[in-house]
Amino acid sequence: MDPWTYNTIIEPFRIKAVEPIPFLQPEERHAALVRAGYNLFKLLAQEVTIDLLTDSGTGSMSAHQWAALMEGDESYAGSRSFQDLDAVVKRITGFPHVLPVHQGRAAERIIAHTVLPAGSVVLNNTHFDTTRANIEQAGATAVDLPVPIAMEPSHSAPFKGDMDIDALDRALLEYRDRVALVMLTLTNNAAGGQPVSMANIEAVSQRCRAREIPFFLDAARYAENAWFIRRREPGYGDWSVPAIARRMFDLADGCTVSAKKDGIVNIGGLLCTRLDDWAEKFANDLILGEGYTTYGGLAGRDLAAMAVGLDEALDPDYLRYRERSIAYFAKGLTQVGVPIVQPAGGHAVFIDAGALVPHIPADQFPGQSVANALYLEGGIRGVEIGSLMFPNAKLQLVRLAVPRRVYTQSHIDYVIEVAQAVVRKAAELPGYRVVKEPPFLRHFTVDLAPI
Ligand SMILES: *Cc1c(COP(=O)(O)O)cnc(C)c1O
């Protein structure tokens, strides 16, 4: 039998190096949370048993990546490690200009510095927060155009990450020559990690080409997005994952990549394009901020690990495991009565805290209440994505992001069991009030108190 036809999801790796995880008693967790001002960002790593704060830079490298690290060439210019990375990225994306950067936002900053004049407009399905911040810093405007269904947590549709094409047409008419760039974020992280269909990428590409507007992908999760196209979009079931990824990139003029996601490295990123004039501007700006064009703020060994990780993420057994393990997590939570955003995304499960603790009003942070309860109950760290992070948030969510190749199915079973205990106490969970907050991005450092 094909191992994937059995119900048990086996991790497609065995473990060769282990890292102990901390076990705390309830009173120790309570003391830690009080000290942290009821803000999970301010916990120490050794106070967290299962850390689902983010999937960014938290993945496990493979033996092959660790071996590549030792082979890293630390030459300042033209290192072998850069040549290897350049060849891998050209094979996967087809883009002739490949610039390494230290992480995704460095690529965004370079774009904002060089090709986004003040007053220009960038259109995107949904800008990731650092992308938006870099665009606004340049005096440009970031406009989100998600499909309306993205805002309905209980509605299951295969490609809730798509851009709203009618809204794109209207925006192109409204902003005309001010549109300097159109982007698609794959998968759509800020809208629940939902994938974007090939049909949608094609529709956006066609409009941009007709108007000669550059079109870039934010391709942090290129492999997960390609996998969902193969699994969910008619006509792609027998395509290889690299062929789907290549078709996505072929439709665009360039990409920004945080390699801390599907690159499966702890640090790294890329800025690629087929536009010669933009590539020259990018390279000049990169030298100002990141280093030389063949290392981009990274060590040679980081480039080497990235070159391997970018390929490993396209392995269908790895991607099938990733999809199935997140779906398993989502199903387990649903079975114990936790309302979640449907369908399960590619890198995380989002709890609909607004539905779980309806007695807590939005200005008392229902998501933070549920996130804190998960920590107090079992040492699990998630992140509130609701009115604490975004004061005008429409949805009150808790994101449980799953690091790549880090936790096993029994870790996830434990999280589900802890979540069940939280569901039993849901009606008694307190709201929170702000004790002290900074002027911006308050969720990182705010102090809270239960009401
Ligand atoms: C993480 C991320 C970024 C920013 O990348 P960093 O490596 O954190 O700087 C940009 N876009 C998306 C979609 C991301 O998930």
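A polar contact is a pair of N or O atoms within 3.5 Å. Keep that cut-off in mind for the first stops. The model on screen is predicted.

**Stop 1: the ligand.** Select the ligand and show what lies around it. The shell holds 13 residues. Gln103, Arg105, Asp218, Ser258 and Lys261 are the closest.

**Stop 2: polar contacts.** Go to Gly104. A polar backbone atom of Gly104 sits 2.9 Å from an oxygen atom of the ligand. Now pick Arg221. Here an N or O atom of the side chain is 2.8 Å from a ligand oxygen. Move on to Ser258. Its side chain places an N or O atom 2.7 Å from an oxygen atom of the ligand. Turn on the surface next. On its own, the ligand has 380 Å² of accessible area, and the protein covers 97% of that.

**Stop 3: the shell by origin and type.** Select helix H4, residues 104-115. This helix gives three residues to the shell around the ligand, the largest share. Then colour the shell by residue type. Six residues are charged, six are polar and one is nonpolar.

**Stop 4: a surface patch.** Leave the ligand and select Tyr76, Ile287 and Tyr292. Together they form a nonpolar patch on the surface, with about 310 Å² of accessible area.

**Stop 5: Tyr292.** Zoom in on this member of the patch. Tyr292 lies in the loop between helix H10 (276-289) and helix H11 (300-312). Is Tyr292 buried, partly exposed or exposed? Its relative accessible area is 31%, so Tyr292 is partly exposed. The cut-offs are under 20% for buried and over 50% for exposed.

Technical notes: Residues are numbered from 1 along each chain as its sequence is written. This is a predicted model: local features need pLDDT of at least 70, side-chain atom pairs count only at pLDDT 80 or more; totals for chains, interfaces and linings use all residues. Side-chain values use heavy atoms; hydrogens and water are left out. A residue is near a molecule or strand if one of its heavy atoms lies within 4 Å of it. A polar contact is a pair of N or O atoms within 3.5 Å; within protein, one must be able to donate a hydrogen and the other to accept it, and residues adjacent in sequence count only if both atoms are side-chain atoms. Accessible areas come from the Shrake-Rupley method with a 1.4 Å probe; for residues, only the protein chains shown count as cover. Helices (H or I, at least four residues) and strands (E, at least two) are DSSP runs, numbered from the N terminus. Ala, Val, Leu, Ile, Met, Phe, Trp, Tyr, Cys and Pro count as nonpolar, Asp, Glu, Lys and Arg as charged, and the others, Gly among them, as polar. Patches are made of residues with over 30% relative accessible area and no salt bridge: like charges are joined within 9 Å, nonpolar side chains (Val, Leu, Ile, Met, Phe, Trp, Tyr) within 5 Å. A salt bridge is a side-chain nitrogen of Lys or Arg within 4 Å of a carboxyl oxygen of Asp or Glu. Buried means under 20% relative accessible area, exposed over 50%, partly exposed in between (1.4 Å probe, protein chains only).
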